[in-house]
Amino acid sequence: MDDSNKDNHLNRRKFLRNMGLAAAGITIVPSNVIAGLGHTAPSDKLNIAGIGVGGMGRSNLRNMKSQNIVALADVDWKYADRTFKDYPKAKKYKDYRKMLEEMDKDIDAVMISTPDHTHYVSAKDSMTAGKHIYLQKPLTHSVYESRKLRELADKTGVATQMGNQGNSSDDMRKVCEWIWNGEIGEVKKVDAWTDRPIWPQGLERPTEKMSVPSTLDWDLFLGPAAERPYHEAYTPWNWRAWWDFGTGALGDMACHIMDPVYKALELGYPYAFEASSSQVNTESAPMAEKVTYYFGERPKKGKINMPAVEFTWYDGGLKPDRPEGLKDGWYPGDQMGWGGAIFYGTKGTLICGTYAMEPFIIGREDNPPPVTNELRRIPNAMEGGHEMDWVRAAKENKKSRVECSSNFAYAGPLNEVVVAGNLAVRLQDLRRKLDWDAENMKITNIGDDEEIRVVSSDEFTVIDGDPKFNTQYETINAKQAAEEYIKRTYRKGWEY
């Protein structure tokens, strides 16, 4: 272990010890403070810290700028520089753990928008310290991490919200209320799709050696992920492609696009899933994929029964079949941004876009059903209302708090379903529907000695007019791989 790794390991042990002591008293709040907070404030404002502020985090913080932005942590100070300039009074850090330790008494809440692989560690540390959490989607990198954050949210009682802003929208409420009111009948099939990835995927690990930029702390970027040399292909932003850092197109967009399906149909957990895709390799997600989830019957909701549902996800240019009755010359997605969902009911077909936007029922475009106003409306949800609803919840006493729409009790199970789809993708060489024991987070129909062959490298050249292929495979124990994908091994110094 080099000196920087040793220091990080020691800092983490010290940090966790201190945060463990803090967690024991997070519910003890003097009577003269804002409800739910742990400090005496000059005004009814949250003191918010940001972790990962160079990308989407900047937008999230902008939507919270009416509060006090007191600290900012980012491993890449060049990428984060615009946000640093937005809040010149905020104290700057590279290591969020140091920020939480030094400014513990000055921070009420934390906005996290790091790469997927560090969502869990940064959120867990912040929640353990008693901070309210706004965490970008996907909630976590793995099923296990989602489960643990949901449990921790319940234990600590902090206000939580995932960054799937469409969950707070009026259009989301239309979709739910139309379906619950029986406008399209019972739903047994749903298709959904996205145009992502718009970044390169299906990549092999770079072999070119690069120097780490002086503005980037590469060791902190890696966090719990396995060590590897720096390359510009990983960060900023393109980390989404790589299995160690991101969750591919499914993880990026399904928390937006599956969201109205999950909420309206109250799906819970699937009992099985399967996938097919373009070439999948050991390093990064495929360029295109189809993932099918199977959900069992659920309790009746409103005026309708909830029969078993088959939900199919498409990305990378793949799309579901064109629904019957759709106007000629029009396809879902053309008018709806980055994708959408199609609900096939016994009485009609409902279509909505990303974030559940612009929902309509085929044949009723000019005469949409009325809403029932069963669900609480959130003003300006897509223009900062989603973030500010979290601010509102954080200021309320937890005993009487109106929880956020996408709090972790909801977002945790949703995210488990989303990232479980990547299990189907990565294990597709088993060539079967995978049976899922959601309660125990296990695939139950993989034998102890079964193996999968996964591409490790793939070369193609033309020599004297003839194509030459050189595809190399890694043979992996399938059961051990599944367990690792569900609950990964953390790098030394980042263990939980």
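# Worked exercises: salt bridges, strands and cysteines

Arg 491 and Asp 219 form a salt bridge, with their closest N and O atoms 2.9 Å apart. This is a predicted model, in which local features need pLDDT of at least 70 and side-chain atom pairs count only at pLDDT 80 or more, while totals for chains, interfaces and linings use all residues. Residues are numbered from 1 along each chain as its sequence is written, and side-chain values use heavy atoms, with hydrogens and water left out.

## Exercise 1. Salt bridges

**Task.** Place Arg 491 and Asp 219 in the chain, and state whether each is buried or exposed.

**Solution.**

Step 1. Take the definition. A salt bridge needs a side-chain nitrogen of Lys or Arg within 4 Å of a carboxyl oxygen of Asp or Glu. Arg 491 and Asp 219 form one, at 2.9 Å.

Step 2. Place the partners. Arg 491 lies in the segment after α13 (478-486) and Asp 219 in helix α8, so the pair ties together parts that are 272 residues apart in sequence. Helices (H or I, at least four residues) and strands (E, at least two) are DSSP runs, numbered from the N terminus.

Step 3. Check the cover. Buried means under 20% relative accessible area, exposed over 50%, and partly exposed in between (1.4 Å probe, protein chains only). Arg 491 is buried at 9%. Asp 219 is buried at 13%.

**Task.** Which helices hold Asp 86 and Arg 58?

**Solution.**

Step 1. Asp 86 and Arg 58 form a salt bridge, with the closest N and O atoms 2.8 Å apart.

Step 2. Asp 86 sits in helix α3 (residues 81-86) and Arg 58 in helix α2 (residues 56-62), so the bridge ties together parts 28 residues apart in sequence.

Step 3. Compare the cover. Asp 86 is partly exposed, at 34% relative accessible area. Arg 58 is buried, at 18%.

**Task.** How many salt bridges does a search of the whole structure find?

**Solution.**

Step 1. The search finds 28.

Step 2. Take one more pair. Glu 396 and Arg 392 meet through their side chains at 3.1 Å, N to O. Glu 396 is partly exposed at 23%. Arg 392 is partly exposed at 22%.

Step 3. Look for shared partners. Lys 137, Asp 195, Arg 196, Arg 240 and Asp 252 are joined into one network by such salt bridges.

## Exercise 2. The open sheet

**Task.** Which strands stand at the edges of the six-stranded open sheet?

**Solution.**

Step 1. Write down the order. It is β3-β2-β1-β4-β5-β6, with parallel pairing. Two strands pair if DSSP finds at least two bridges between them.

Step 2. Read off the ends. β3 (91-93) and β6 (160-162) each have a single partner strand, so one side of each is left without a neighbour in the sheet.

Step 3. Add the twist. Neighbouring strands are turned by 20° against each other on average, direction ignored. Axes here are lines fitted to C-alpha atoms, for helices over the stretch in contact, and angles run from 0 to 180 degrees between N-to-C directions.

Step 4. Zoom in on one pair. β4 (residues 109-112) and β5 (residues 132-135) run parallel and are joined by four bridges. Ala 109 stands opposite His 132 in β5.

## Exercise 3. Strand β7

**Task.** Which strands pair with β7, and in which sense, parallel or antiparallel?

**Solution.**

Step 1. β13 (residues 339-345) pairs with β7 in the antiparallel sense over seven bridges. Thr 194 has Gly 339 of β13 as its bridge partner.

Step 2. β12 (residues 309-315) runs parallel to β7, joined by five bridges. Here Val 190 is partnered by Phe 311.

Step 3. Check the cover. Six of the eight residues of β7 are buried.

## Exercise 4. Cysteines

**Task.** Why do Cys 176 and Cys 352 form no disulfide?

**Solution.**

Step 1. A disulfide is a covalent bond between the sulfur atoms of two cysteines. The cut-off is a pair of cysteine sulfur atoms within 2.5 Å.

Step 2. The closest cysteine sulfur to that of Cys 176 belongs to Cys 352, 9.5 Å away, which is too far for a bond.

Step 3. Check the cover. Cys 176 is buried at 0% relative accessibility. Cys 352 is also buried, at 0%.

Step 4. Widen the search. The whole structure has zero disulfides.
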